[in-house]
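Dear colleague,

Please find below the structure that I am handing over to you, followed by an account of what was found in it.

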Amino acid sequence: MNEFPDLENKIWKASDKIRYLHKKIYFSTCPFEKCYYDYLLKKEISDLERFSDYFIRHEFNQYRATSREVSDTPQREFTLEELATYDGSMGRPAYVAVNGIVYDVSLEKTWGGATHFELVAGKDLTGAFQGCHGNLEVLRNLPKVGILRS
């Protein structure tokens, strides 16, 4: 995220505020207070989603077009053990493998929290993908970051 320091700062501030509001809801004893903090939390999440949508539509597409790191040709080889470290936790990117290609799903809206319909990032999801989507059209817009070594 070095390319977008302002974005990184906004994300950190929003995530801190969301954590704070979660704590306020948890520790509040007054139902009206809980309702108020819940309202603020939903508003903060909504603002973050709108900003995220804007970024993905505008800024990230421009970044992808000029970046050498994000391209259609896979950049590196991953073992299953290496892939498992890219599970989206602790600020790491979220990668998944399908048909031997490793994709970055970190900014994909349907993979929020590095999960997608009970599937988790950091794994080879070829079987699950074939059972659910079938064709590769869904993966077309995702950045390819490598290949999965057998």
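**The S2-S3 hairpin**

Two residues lie between the strands in the hairpin of S2 and S3, and within this hairpin asparagine 99 adopts a positive phi near 55°. Please note that the model is a predicted one. Asparagine 99 belongs to the loop between S2 and S3, and its phi is a positive value in a residue other than glycine. Because its relative accessibility is 41%, asparagine 99 counts as partly exposed. The two strands of the hairpin run antiparallel and are joined by four bridges. Within this pairing, valine 98 has isoleucine 101 of S3 as its bridge partner.

**The sheet**

The hairpin strands belong to an open sheet of four strands, in the order S1-S6-S3-S2, with mixed pairing. At the edges are strand S1 (76-78) and strand S2 (95-98), each of which pairs on one side only. From one strand to the next, the twist averages 40°. Strands of a sheet pair through backbone hydrogen bonds, in either a parallel or an antiparallel manner.

Strand S3 (residues 101-104) and strand S6 (residues 144-148) run antiparallel and are connected by three bridges. Which residue of S6 is the bridge partner of isoleucine 101? The partner is isoleucine 147. Isoleucine 101 is thus named in two pairings, with valine 98 and with isoleucine 147.

**Overall architecture**

The protein contains four helices and six strands. Along the sequence, these elements follow the pattern α-α-β-α-β-β-β-β-α-β. Of the contacts with a separation of 6 or more, 62% are between residues 24 or more positions apart. The protein has 150 residues, of which 28% are buried.

**Nonpolar cores**

The largest nonpolar core consists of 10 residues: Ala94, Val96, Val98, Tyr103, Val105, Ala121, Leu125, Phe129, Leu139 and Leu142. There is also a second, separate core of eight residues, among them Leu83, Tyr86, Val145 and Leu148. In soluble globular proteins, nonpolar side chains tend to be buried together.

**Glutamate 82 and threonine 79**

Glutamate 82 is located in helix H3 (residues 80-84). Its relative accessibility is 29%, so glutamate 82 counts as partly exposed. Apart from neighbours within four places in sequence, glutamate 82 contacts Arg76, Glu77 and Arg149. The C-alpha atoms of glutamate 82 and lysine 123 are 9.6 Å apart, while the two residues are separated by 41 residues in sequence.

A polar atom of the glutamate 82 side chain lies 2.9 Å from the backbone nitrogen of threonine 79. Threonine 79 sits in the loop between S1 and H3. Is threonine 79 buried or exposed? Threonine 79 counts as buried because its relative accessibility is 19%, and the cut-off for buried is under 20%. Leaving aside neighbours within four places in sequence, threonine 79 contacts Leu148 and Arg149. Arg149 is therefore listed among the contacts of glutamate 82 as well as those of threonine 79, where the cut-off is heavy atoms within 4.5 Å.

**Glutamate 44**

Glutamate 44 is part of helix H2 (residues 31-66). With a relative accessible area of 15%, glutamate 44 is buried. Beyond its neighbours within four places in sequence, glutamate 44 is in contact with Ala14, Lys17, Ile18 and Leu21.

**Confidence**

The mean pLDDT of the protein is 75, and 66% of the residues reach 70 or more. Among the elements, H3 has the highest mean pLDDT (90), whereas strand S4 (residues 115-116) has the lowest (62). The pLDDT is below 50 over residues 65-71, a stretch that has six contacts in the model beyond near neighbours in sequence. Where pLDDT is low, the predicted coordinates should not be read in detail.

With kind regards

Notes:
Residues are numbered from 1 along each chain as its sequence is written. This is a predicted model: local features need pLDDT of at least 70, side-chain atom pairs count only at pLDDT 80 or more; totals for chains, interfaces and linings use all residues. Side-chain values use heavy atoms; hydrogens and water are left out. Two strands pair if DSSP finds at least two bridges between them. Axes are lines fitted to C-alpha atoms, for helices over the stretch in contact, and angles run from 0 to 180 degrees between N-to-C directions. A nonpolar core is a set of buried Ala, Val, Leu, Ile, Met, Phe, Trp, Tyr and Cys residues joined through side-chain atoms within 4.5 Å. Buried means under 20% relative accessible area, exposed over 50%, partly exposed in between (1.4 Å probe, protein chains only). A polar contact is a pair of N or O atoms within 3.5 Å; within protein, one must be able to donate a hydrogen and the other to accept it, and residues adjacent in sequence count only if both atoms are side-chain atoms. pLDDT is the predictor's confidence in each residue, from 0 to 100.
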